Amino acid sequence: MNLNEEIINCRKCPRLVEYRTTREIPRRYSGEIYWSRPVTGYGDIHGKLLVIGLAPAFNGGNRTGRIFTGDKSSDFLISALYEAGFTNIPTSTSRDDGLTYNDMYITLALKCAPPDNIPLKDELINCQPFLIREIQMMDKLRAVLVLGKIAFDSYLRILSEKGINIKNVKFGNELYYDINGIRLYCSYHPSPRNVNTGSLKRENFIKFLREIKKYINS
Ligand code: SF4
């Protein structure tokens, strides 16, 4: 079984298995068949950039079966990535929409949708080996972009368990750190709450992505 098959068949977290398969489907999507399984990473595993998000949204990736597809966070993120040259189209609506990523791979700290988008620590620990293996497969990795504090903590936990010094590394929007030969970029998560309150601004986010692009190509 390859990594993605292992992920898709994983049932390690009972609370998430129950949530992803039994939560009621909202009326606006009634009649749709939800994916309701873990959501794998997507993109170019030999790319120079890894983007790590939090977890699939119940009506986003958990519905469509592809990471950052079919919800408001995806609309914001993919259109910004497109402006910075990381995708071939500006939208991500369904698994067969033809979206491809350029020189980057995108994945999640937690592969299953959690209730209220809040994972438990044990669930993140359960899912960590999948993220470690994805990172190991990225043989040309130069930079990691974490979207939000939970993705940041997950990545730092992996570094810390490898004995890498992360003492002065703190989360904040539009920050970066050079750690062990990989540049870590931090951004707020592109959730509707961050976007609607103006915490995450589209033009700033695009500028930040362009800086990342410039760095990985330098
Ligand atoms: S969150 Fe990760 S470890 Fe838990 S059931 Fe889903 S894929 Fe498995």
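Begin with the aromatic rings of this predicted model, where a search of the whole structure finds 10 aromatic pairs. For one of them, select Y29 and Y34, whose rings meet edge-to-face, with 6.4 Å from centre to centre and 70 degrees between the planes. That angle counts as edge-to-face because it is over 60 degrees. If you then colour the two residues by accessibility, you will find that Y29 and Y34 are both buried. Keep them selected and add Y19 and F58, since these residues together with Y29 and Y34 form one aromatic cluster.

Next, turn to rings that have a charged side chain over them. Select Y215 and R183, and you will see that R183 lies over the face of the Y215 ring, 4.0 Å from the ring centre. Then move to F86 and K213, where the charged end of K213 sits over the ring of F86 at 4.5 Å from its centre.

Finally, select the ligand, which sits in the largest cavity. Which residues surround the ligand? Display C10, K12, C13, L16 and P38, and then add L110, K111, C112, N126, C127 and F130, to complete the set around the ligand. Taken by class, this shell has eight nonpolar residues, one polar residue and two charged residues. To see which element contributes the largest share of the shell, highlight helix α5, residues 121-137, from which three of the shell residues come.

Key. Residues numbered from 1 in each chain as written. Predicted model: local features only at pLDDT ≥ 70, side-chain atom pairs only at ≥ 80, totals over all residues. Heavy atoms only, no water. Phe/Tyr/Trp six-rings, centres within 6.5 Å; stacked < 30°, edge-to-face > 60°. Buried < 20%, exposed > 50% of the residue type's maximum accessible area, 1.4 Å probe, protein only. Lys NZ or Arg CZ within 6 Å of the ring centre and 35° of its normal. Near = heavy atom within 4 Å. 1 Å grid on protein atoms, 1.4 Å probe; cavity = no way out; pocket = protein on both sides within 12 Å on 5 of 7 lines; lining within 4 Å. Sits in = over half its atoms within 2 Å of the grid points. Helix = DSSP H or I, 4+ residues; strand = E, 2+ residues; numbered from the N terminus. Nonpolar A, V, L, I, M, F, W, Y, C, P; charged D, E, K, R; others polar.
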